[in-house]
Amino acid sequence: MDLKELTVSDKTVLVRVDFNVPVKDGHVTDRTRIEAAKPTIDYLTEAGAAVILMSHRGRPKGEYDEALSMEPVRVEAEKVLGREIVPMYSNVVVDDAVARMAKELKPGEIGLLENLRFRKEEEANDPAFAKELASLADCYVNDAFGTAHRAHASNVGILEELPSALGFLMGREVEVLSELLNHPKRPFVAILGGAKVSDKIAVIDHLIETCDAILIVGAMANTFLLGEGHSMGASLVEEGEVDRARALVEKAKKEGVTLLVPSDLVVAKSIDAPQTAHTVSADAIPEDEMVLDIGEETVSRYKEVLKDANSVVWNGPAGVFETKPFDKGTVALATILGDLSAEVVIGGGDSAAAIKQAGLEDKMSHISSGGGASLEFLEGKSLPAIAAIEEV
Ligand code: ADP
Ligand code: MG
């Protein structure tokens, strides 16, 4: 159901959000996910609902762990939302005291439950735990795209118990990603990179069927280059994936999809020796050096393809962007994308972080809030939490 069709005035609404944010020394270091949930929360409180937020944080393995309490997130969320958030905490997430607090919550007020993964029943999608959660509220909204690829009590089991709707963030993720895969504006170009080919085989395989060109970057390119017979020195390669990389190249050819790999690369003795960085051609990688970024010639070749694109999806950084100067290729590609008038969609946790690090997030059409979930979407899989809500 559309969120706007759900009757929420004077109701208590349980909202699954993705507040699994990074925390350091007791403080939230990236509030993006909290900001992303704000439109749904604001809409509900303005419509006269009492709102109970719930999320997981980290991996507490089904037991109470003080270090993974939601408290630092609550403090930050109060700042982001500009209003008080009542801590509705129990070490077992739901108990009589929490149930009483839920009853006392008034229209327009917001409460937050303790970390859902303090109960092992959450990830087990246990129906009894879903019932406990549901007993706190009159209806349910799911706005946590980050966990949409998992079937848990708080995003699938609970649908059996309460009238349900997708929140605005979820709605937008589904709309943007489905539109891109099903009705892309052509030419549609995919940039795929990151650490491993093995993580992304299914994504490349699926995108070959829909896009017009694929540009390979990152450590993933090493395995493709190895497949072409280049010697890769001390680079990160997946020898066991060479055959699959070759098969993807063949499939692209058959489908008439342009698939490009880097022609020059930035190499160094190690990630910790940036002063040794220099650019070499793909057929001249020194035995004792490793590929850590794409080179300028590769960036220019890719720019030629990108400048005609009308839609672009990017998953996986072009190099070890966490360490300068190996962020250069990633930043150069991000800058090119930022200047295009094309629809540009970013998927993947590290890719989103790289775009933010470059300060270019406002130049992209959409940065997906779900790393794993956006990958599974791009693989063409249906996400359990979304499929389930569409069935009820
Ligand atoms: P995403 O989270 O966007 O899906 P990945 O997790 O697949 O991306 O990959 C991100 C990681 O890949 C980064 O930590 C980056 O340092 C690493 N990486 C990119 N290029 C290389 C390379 N040439 N050698 C080693 N690691 C690389
Ligand atoms: Mg990653």
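In this predicted model, strand β12, which spans residues 264-268, is mostly covered, with five of its five residues buried. The side chains of the strand are divided between two directions: D264, V266 and A268 point one way from β12, whereas L265 and V267 point the other way, and all are buried. Burial here denotes a relative accessible area under 20%, evaluated with the protein chains as cover.

Strand β12 has pairing partners in β13 and β14. With β13, which comprises residues 278-281, β12 is joined by four bridges, and the two strands run antiparallel; within this pairing, V267 of β12 stands opposite H278 of β13. The pairing of β12 with β14 (residues 290-294) is likewise in the antiparallel sense and extends over four bridges, and here L265 has I294 of β14 as its bridge partner. In general terms, the strands of a sheet pair through backbone hydrogen bonds, in either a parallel or an antiparallel arrangement.

A parallel arrangement is found in an open sheet of six strands, whose order is β11-β10-β9-β15-β16-β17. The edges of this sheet are occupied by β11 (258-260) and β17 (366-367), each of which has a single partner strand, so that one side of each is left without a neighbour in the sheet. Helix α10, formed by residues 296-306, packs on the sheet and touches β9, β10, β11 and β15 (311-315); the direction of α10 makes about 160° with that of β10. Between β9 (residues 188-192) and β10 (residues 213-216), which run parallel, there are four bridges, and the residue of β10 that serves as bridge partner of A190 is I214.

The surroundings of ligand 1 were examined next. The ligand is surrounded by 18 residues, of which the closest are A195, K200, E322, D350 and S351. Polar contacts to ligand 1 involve the protein backbone at several positions, among them A219, where a polar backbone atom is 3.2 Å from a nitrogen atom of the ligand. A nitrogen atom of ligand 1 also lies 3.1 Å from a backbone N or O atom of V291, a residue whose number falls within the 290-294 range of β14. At G349, a backbone N or O atom lies 3.4 Å from an oxygen atom of ligand 1. Of the 580 Å² of accessible area that ligand 1 has on its own, the protein covers 85%.

How values were computed: Residues are numbered from 1 along each chain as its sequence is written. Chains are lettered from A and ligands numbered from 1 in the order in which they are written. This is a predicted model: local features need pLDDT of at least 70, side-chain atom pairs count only at pLDDT 80 or more; totals for chains, interfaces and linings use all residues. Side-chain values use heavy atoms; hydrogens and water are left out. Two strands pair if DSSP finds at least two bridges between them. Contact means heavy atoms within 4.5 Å. Axes are lines fitted to C-alpha atoms, for helices over the stretch in contact, and angles run from 0 to 180 degrees between N-to-C directions. A residue is near a molecule or strand if one of its heavy atoms lies within 4 Å of it. A polar contact is a pair of N or O atoms within 3.5 Å; within protein, one must be able to donate a hydrogen and the other to accept it, and residues adjacent in sequence count only if both atoms are side-chain atoms. Accessible areas come from the Shrake-Rupley method with a 1.4 Å probe; for residues, only the protein chains shown count as cover. Buried means under 20% relative accessible area, exposed over 50%, partly exposed in between (1.4 Å probe, protein chains only).
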